[in-house]
Structure formats: structure tokens, C-alpha cells
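Here are a few exercises to work through with the model open in your viewer. Try each task before you read its solution.

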Amino acid sequence: QVRELGSQVAHAEAFKAEAASLRRELETSAATRVVERKQEEQLVAELRSELAVAKGARAKLEAELVTTRQTTREQVDSTVEQAAMANSQVIKILEQLNNARMQHEADRLGWYSDREELKEKIKGLKETAAAHKLCGDELA
């Protein structure tokens with residue numbers, strides 16, 4: 001019986017040692033899980049912070065994009081308006097040039113007409129002078 005009790009005691013001590021080893025492993029595992037959990041929580045917090053920063057940057061970029069689009073639209077509208085005004089001025093200048101060309105042509109035709117009238121008058125005066133000369137020659 002002593003042997004059997006010794007054997008049971010040895011078994012109990014072995015079981016106790018194994019239980020203590022398992023307890024240490026369990027405690028180590030639990031401590032590791034606690035550390036891992038804290039690391040995960042820290043990582044989640046960092047990611048949330050980075051996400052908040054990214055969302056802020058995105059909102060800022062979207063606001064800048066809206067401002068840039070508006071500014072660009074205003075510049076395009078202004079440029080189109082300036083182009084329309086320039087076209088209007090070009091049209092007015094072309095009309096003035098055309099009117100001046102037509103007036104010049106009318107003046108030129110008037111000068112030709114006046115020149116022809118003057119040629120006819122000069123011809124008439126020459127004929128009259130020639131006739132007076134003939135009359136003068138006949139009288140003399």
C-alpha cells in the first residue's frame with residue numbers, strides 16, 4: 001500500500017506539476033492575448049485617426065475643387081464675354097471700313113463724272129474759241 005500511495009503521490013505531484021505548467025502556459029497565453037488585444041486596439045485607434053485625417057484632407061480637396069471649378073467657370077464666362085465684345089468691335093470696324101470703301105467708290109465715280117463733264121466743257125470752250133478765232137480771222 002505504501003508503494004501504491006507513493007505511486008499515487010508521485011502521480012499527484014506529476015499531475016500538480018503538469019497543472020502548474022498548464023496554468024503558467026494559460027497565464028502566459030492570457031497575458032499574450034492581453035498584449036495583442038492592446039496592440040490591436042492601438043492599431044485601430046491609429047487607423048481611425050488616419051481615417052479622420054484622410055477624411056479631413058478629402059473634404060478640403062473637395063472644397064478646393066468646388067472653388068477651382070467656380071473660378072474656372074467665371075474665367076471662361078469672362079473670356080467668352082470679352083470675345084463677344086471683341087467680335088462686336090471687329091464687326092463695327094468692318095462695317096466702318098466697308099462704308100468708307102463704298103463712300104470712296106462713290107466719290108471716285110463722282111470724280112469720273114465730274115471729269116467727263118469738265119472734259120465736255122473744255123471741249124465746248126475749245127470749239128467756241130476755235131469758232132471765235134475763225135470769225136476773227138474772217139473779219140480781218
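**Exercise 1.** Is arginine 58 buried or exposed in this predicted model, and which residue does arginine 58 form a salt bridge with?

*Solution.* Start with the surface. Arginine 58 has a relative accessible area of 57%; the cut-off for exposed is over 50%, so arginine 58 counts as exposed. Next, look for the partner: that's glutamate 62, with the closest N and O atoms 3.0 Å apart. A salt bridge needs the nitrogen within 4 Å of the carboxyl oxygen, so the pair qualifies. Now check the spacing. Both residues sit in helix H1, 4 residues apart, or about one turn of the helix. Finally, glutamate 62 comes out as partly exposed, at 41% relative accessible area.

**Exercise 2.** Take the salt bridge between glutamate 41 and arginine 37. How many residues apart are the two in helix H1, and is arginine 37 buried or exposed?

*Solution.* First, the contact: the two side chains meet at 3.5 Å, N to O. Then the spacing: helix H1 covers residues 2-139, and glutamate 41 and arginine 37 are 4 residues apart in it, which means about one helical turn between them. Last, the surface: arginine 37 is exposed, at 53% relative accessibility, while glutamate 41 is partly exposed at 45%.

**Exercise 3.** Which glutamate meets arginine 108 in a salt bridge, and how many residues apart are they?

*Solution.* Go to the arginine 108 side chain and you'll find glutamate 105, with an N to O distance of 2.5 Å. Along helix H1 the two are 3 residues apart, and that again is about one helical turn. For accessibility, arginine 108 has a relative accessible area of 27% and glutamate 105 has 30%. Partly exposed runs between the 20% and 50% cut-offs, so both residues belong in that class. To round off the salt bridges, a search of the whole structure finds 4; the pairs worked through here are among them.

**Exercise 4.** Which residues form a nonpolar patch on the surface with Ile93, and what is the relative accessible area of isoleucine 93?

*Solution.* Locate isoleucine 93 in helix H1. Its relative accessible area is 46%, so it is partly exposed. Patch members need over 30%, and isoleucine 93 clears that bar. Now add its partners: Val90, Leu94 and Leu97 complete the patch. Together, the four residues have about 380 Å² of accessible area.

Note on methods: Residues numbered from 1 in each chain as written. Predicted model: local features only at pLDDT ≥ 70, side-chain atom pairs only at ≥ 80, totals over all residues. Heavy atoms only, no water. Buried < 20%, exposed > 50% of the residue type's maximum accessible area, 1.4 Å probe, protein only. Patch = residues over 30% accessible without salt bridge, like charges linked within 9 Å, V, L, I, M, F, W, Y side chains within 5 Å. Areas by Shrake-Rupley, 256 points an atom, 1.4 Å probe, with all protein chains shown as cover.
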